[in-house]
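Trainee: Got a minute to go through a model with me? I'd like to know how the labels follow from the values.

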Amino acid sequence: MSQYTLLNSVGDGERPILATSRLTSKKYVTRTELNATTQSDIRELSSLEKKGVSLDDLCDFMDLLIARAFQVTDQPFFFLGQVPGSDFIIEGLRYWMARNYSGSRLLPGSKCPVRSCGKRFGIVQDVFFNPSRYPFAKGKEELYHKPLRLNRISVHLARAHLIFEKGSGTWDQCYPTSPKQFYTDFYKPWKEGKPSRYVAQFG
Ligand SMILES: [Zn+2]
């Protein structure tokens, strides 16, 4: 298909980028379909900008979370929940795992899934926060925010292309689904310093 705008996949078991009822089964998404999907995000950004919050502000915080997570460990593959005594809170979020993918494993060809972009990803830093369904979380649920997953591809899609992943994800696929959702669930609580008593200091 030559006229597609977005390859609707980042590969390797990932849910489709746009997993709406209309688009989830589509391997390729056209410009028209993409525009229809991002309209509500554009409206949300307009109202957030009235509060003084830009798309770059949101994406800068995503990048900060990834950077902080990789300050915890420089191991290539690291499950926090399996390390005795380890219990990190990063910017108010309970850290579970950070890992590096090679681009070839997660994203075929290591290229941005937006056809006109061509940005290549070498190593994809991938971070999970707060999967509270896991046993080590028992009894600590009151500390938890909602689960969140981020990686360099999802942040690039949001910042460069205004594409937030869509559709309900399973516990390990909870990427930000819209500017307002990320603002409400993560950015605003962080800005307001809640719950600051759980924020770990790194660097
Ligand atoms: Zn791109």
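Mentor: Sure, let's take one helix and check its labels, keeping in mind that this is a predicted model.

Trainee: Why is A160 called partly exposed?

Mentor: A160, which sits in helix α4 (residues 152-161), has 14 other C-beta atoms within 10 Å. Buried needs 20 or more and exposed needs 12 or fewer, so A160 lands in between and counts as partly exposed.

Trainee: What makes α4 largely enclosed by the rest of the structure?

Mentor: Seven of the 10 residues of α4 are buried, hence the label. They are R152, I153, S154, V155, H156, L157 and A158. What they pack against is α2, β6 (123-129) and β7 (148-151).

Trainee: How do you know that α2 and α4 are roughly antiparallel?

Mentor: Helix α2 (residues 55-72) packs on α4 at an angle of about 170°. The cut-off for roughly antiparallel is over 145 degrees, so the pair qualifies. Their axes are 10 Å apart.

Trainee: Which residues make that contact?

Mentor: From α2 you get L55, D56, C59, M62, D63 and I66, and from α4 R152, V155, A158 and R159. That contact divides into six nonpolar, no polar and four charged residues.

Trainee: How far is A160 from D56?

Mentor: Their C-alpha atoms are separated by 9.5 Å, with the two positions 104 residues apart along the chain counted as the offset.

Trainee: And what follows α4?

Mentor: L162, with a positive phi near 55°.

How values were computed: Residues numbered from 1 in each chain as written. Predicted model: local features only at pLDDT ≥ 70, side-chain atom pairs only at ≥ 80, totals over all residues. Helix = DSSP H or I, 4+ residues; strand = E, 2+ residues; numbered from the N terminus. Axes fitted to C-alpha atoms, helices over the stretch in contact; angles between N-to-C directions. Parallel < 35°, antiparallel > 145°, perpendicular 65-115°, else oblique. Contact = placed C-beta atoms within 7 Å. Nonpolar A, V, L, I, M, F, W, Y, C, P; charged D, E, K, R; others polar.
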